[in-house]
Amino acid sequence: MFDATALNRRSYRAQGIAKAVFCLMTVALVVPVLLIIGTLIYKGGPAISWEFLFTPPRNGMTEGGVFPALVGTIWLVVVALLASVPVGVAAALYLSEYAPDNLLTRTINLAIINLAGVPSIVHALFGVGAFVHFFRFGTSILAASLTLAVMTLPVVIVATREALQAVPQAFREACWNMGATRWQTIRKVVLPNSISGILTGVILEVSRTSGETAPIMFTGATAFIVFLPESVFDQTMAMSYHLYYIATQQTGVPEEITFGVALVLIGIVLLMNAISIGFRVYLRGLKKW
Amino acid sequence: MVDATSGAAPLNGDPGPRYDEAPIIEVRDLTISYGRTPALRDITLDIYRHEIFGIIGPANSGKTTFLRALNRMDEFNPGMDVDGTIRINGKDINDWRNVYALRSRIGVVFPLPVGLPLTVYENVAFSPRLRGIRKKAQLDEVVERCLTRAALWDEVKDRLDSLGSLLSGGQQQRLTIARALSQEPELLFLDEFSIAVDPVTTMRIEDVLKELRSELTIVLVTNLVQQARRLADRTAFFLTGELVEIGATEDLFERKVEDERTTGYIEGRFG
Amino acid sequence: MAATAAAMDRRDLAWYTDRAARVLVFIGGISAVVFILGIFVFVTKEGLDFVFGALNLREFFTSIEWRPTSNNPTYGALALIVGTASVTGFAMLCSVPLSLGAALFIAEFATGKTRETLKILVEMLAAIPSVVWGFVGMSIMHPLIIRIFDVPLGLGVLNAGLILGLMAAPIMTTIAEDALKAVPDTYREAAEALGATRWEVILKVVIPASKNGLLAAVLLGVGRGFGETMAVLMASGHAINLPTSVFDSVRALTATIASELGDTVYGSDHYGALFTLGILLFLVTFVINLTADVVVRGIRKK
């Protein structure tokens, strides 16, 4: 066998050190997540009860629960999805199934990257300028949800495009050769075989949308309102804004309640995220081809 | 040795190719290039009704490209440049207002079987459904007829609802033939269909093709010289994008050829 | 038979449906471009009156006097720019090495279950909403910093920088990992066949081959930190100040908009000034994203 020379041994030691250092770096990144979640559960856990979830705040938010904020977040997310999913799926279909490799396509891709990269507060300004004032929706669920929809559009587009491109090209070719139009091919073969991947992206979008604060602060979210929203033109409370408000603007809110609100919010977000991840892992083992 | 007589022997009631009628496919000065690289140069040939037209040649000689041009699949290949004229039934294919109707008249079978991710039944019912056939009884009838004609019915009639991709390779290839037949095509293109199929199944499919000749016209691209000899009425030899030789299959194998390269390829000296 | 074929050449419902679908899908396709232009147009439009009116460029970039609500309002954004820069800079100082190290570990050393778990944890890190991060900064980090460093206030560059670093880490890790994975295995095998250890291969082959991707990852991380709003607003102390130490409170551009927009009158100078900050943010992130894209495109060309 080969002898381990001094040089050899040294380079193996360097490798060992490198591996240990990088491992520590990774740990330094992921441990805070666990610590944060742990602390939120530890401090906010005792606040969580059915009553907390299903009653409105009382006594200047120092007592009671989060019901109106929870309902408001659901409204915002649903309306945002209704707006962004059709547009996002259409955009992904265009990019995956139609777009030639030309300047326009490159421009679209660049626009998607930028849409994802523009600061959320700039999206908020856009929402105020466009939806609240220009289209005269006022500060309403509609204006806030459309702002969220524009902001999270890249999530849907990117996930959908990935799901569409995972469908083997041979299926499309077979369909086209049978005389199916592009649309028939998409509807009968491409979409049915990518729908679960698209769903994964949509769930991820739910996760993103429900946690956003800046885009809704000036477009539709309000600090306190007793009534639940009845239409998209109403203002609403929202979990994320509620957390911001009681943490910074309202004094005398017991720690247990603020931590409880944070825990519910992060619970929604991580639950959705976990469903999305789980779904993806499950799908990987379920391919029909 | 292989049977010396070339081409499919006429079966009962099969009058054979109609060389006296106008050709079903007329190709004139067809040149195809991908970007700057020409894949096919100046092809001119006719294909007649009810013949099995063989195309032989080594890899990369433009055989598949030729088939793709005939049903305007270049639309889906950015960068594929088609120049020249192709007429089917006397009509320039570029004059079709509804190119999908053109493609639906042409069944295509690929080298590797492409079962759509659907059940056996749905694979065959796919094309009829596209044409708007909805009635279950009618679909049942089409599925059974096409599977029977592709010599697959007996093997799959009890598992019509299982995924097509669960069948064996040979069965899948017959499934794609059944699917092509469900289009009720005038033309059937086969592109090296036996590449992933065992010899016994290959023979069964060849028998199916011989029977089909009485109803439609078959263009058979093959890398197996002897397969062309067994099936084709006439055969063309493509080499690096050029049509080197075209003629009755018999003549090619009897060395009544104009170009030495044809004999060289047929006898396996290159390719 | 020729007659039948010709008779079939009709534009049927399927043909028209296909055409209609093509148009609809195209509209969806260009929507992203429409929206990005829309953002630019609307943010600029609302800021324009201010830009051509009360804005004094010299004051804007050199003065730290941001007093939009005083009787004699001044709009000096220097402290805000410095605030954003210091927090982002500190965040990157902590986060870039960690993120790239983590990317290296996940891409080159970790295998199987460990790898999957780490990737999922990084994804969870990315999922935590910014308002929760801000809350963590206020309620967990703030007292912690006071206790550890014995300073009077725990909200400042240190707090916001650490939070921001963690927030920007997932995007950097993910993109960097993609870049490392994109280096063909044949490179690695060739070097390993010459007797190099894995670490030598990484150092001499993988990192040089993926340096553009790593650079793009860092750029996107900077963009993310630069544009972050809620977390910075809540964890930075939000005081107009040129920081001299990491414990000083600062105020970021994004946070200024978030905290003041609600109190402005539509169309006023103050309103316009905040939109002008928005224009600045939009342009800077646009340039960062564009640069990252060009850098990445550079790799693909090779």
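Me: In this predicted model, is B:Cys146 buried or exposed?
Reply: A residue counts as buried when its relative accessible area is under 20%. For B:Cys146 the relative accessible area is 3%. B:Cys146 is therefore buried.

Me: Which cysteine sulfur is closest to that of B:Cys146, and why is there no bond?
Reply: A disulfide requires two cysteine sulfur atoms within 2.5 Å. The closest cysteine sulfur to that of B:Cys146 is 16 Å away, which is too far for a bond. The residue that carries this closest sulfur is A:Cys175.

Me: How many disulfides does a search of the whole structure find?
Reply: The search runs over all chains. A:Cys23, for example, is in no disulfide, since the nearest cysteine sulfur, in C:Cys94, lies 20 Å away, whereas the cut-off is 2.5 Å. The number of disulfides found is zero.

Me: What is the exposure class of A:Cys23?
Reply: The class between buried, under 20%, and exposed, over 50%, is called partly exposed. A:Cys23 has a relative accessible area of 30%. Its class is therefore partly exposed.

Me: What radius of gyration does chain A have, against the value that the globule rule gives?
Reply: Chain A holds twelve helices and two strands. For its 289 residues the globule rule gives 19 Å, and chain A is well over that value, so it is more spread out than a compact globule. Its radius of gyration is 24 Å.

Me: What share of the residues in chain A is buried?
Reply: Burial means a relative accessible area under 20%. The share is taken over the 289 residues of chain A. Buried residues make up 57%.

Me: How far apart are the mean positions of the positive and negative charges of chain A?
Reply: Chain A carries 18 positive and 13 negative charges. Each set is represented by its mean position. The separation of the two is 14 Å.

Me: What radius of gyration does chain C have, against the value that the globule rule gives?
Reply: Chain C contains 13 helices and two strands. The globule rule gives 19 Å for 302 residues, and chain C lies well over this, so it is more spread out than a compact globule. Along the principal axes its C-alpha trace spans about 90 × 60 × 35 Å. The radius of gyration of chain C is 25 Å.

Me: How much of the area that chain C exposes is supplied by carbon and sulfur atoms?
Reply: Chain C exposes about 13200 Å². Of this area, carbon and sulfur atoms supply 66%.

Key: Residues numbered from 1 in each chain as written. Chains lettered and ligands numbered in written order. Predicted model: local features only at pLDDT ≥ 70, side-chain atom pairs only at ≥ 80, totals over all residues. Heavy atoms only, no water. Helix = DSSP H or I, 4+ residues; strand = E, 2+ residues; numbered from the N terminus. Rg over C-alpha atoms; globule rule 2.2 N^0.38 Å. Areas by Shrake-Rupley, 256 points an atom, 1.4 Å probe, with all protein chains shown as cover. Buried < 20%, exposed > 50% of the residue type's maximum accessible area, 1.4 Å probe, protein only. Lys, Arg positive; Asp, Glu negative; His and termini not counted. Charge placed at Lys NZ, Arg CZ, Asp CG, Glu CD.
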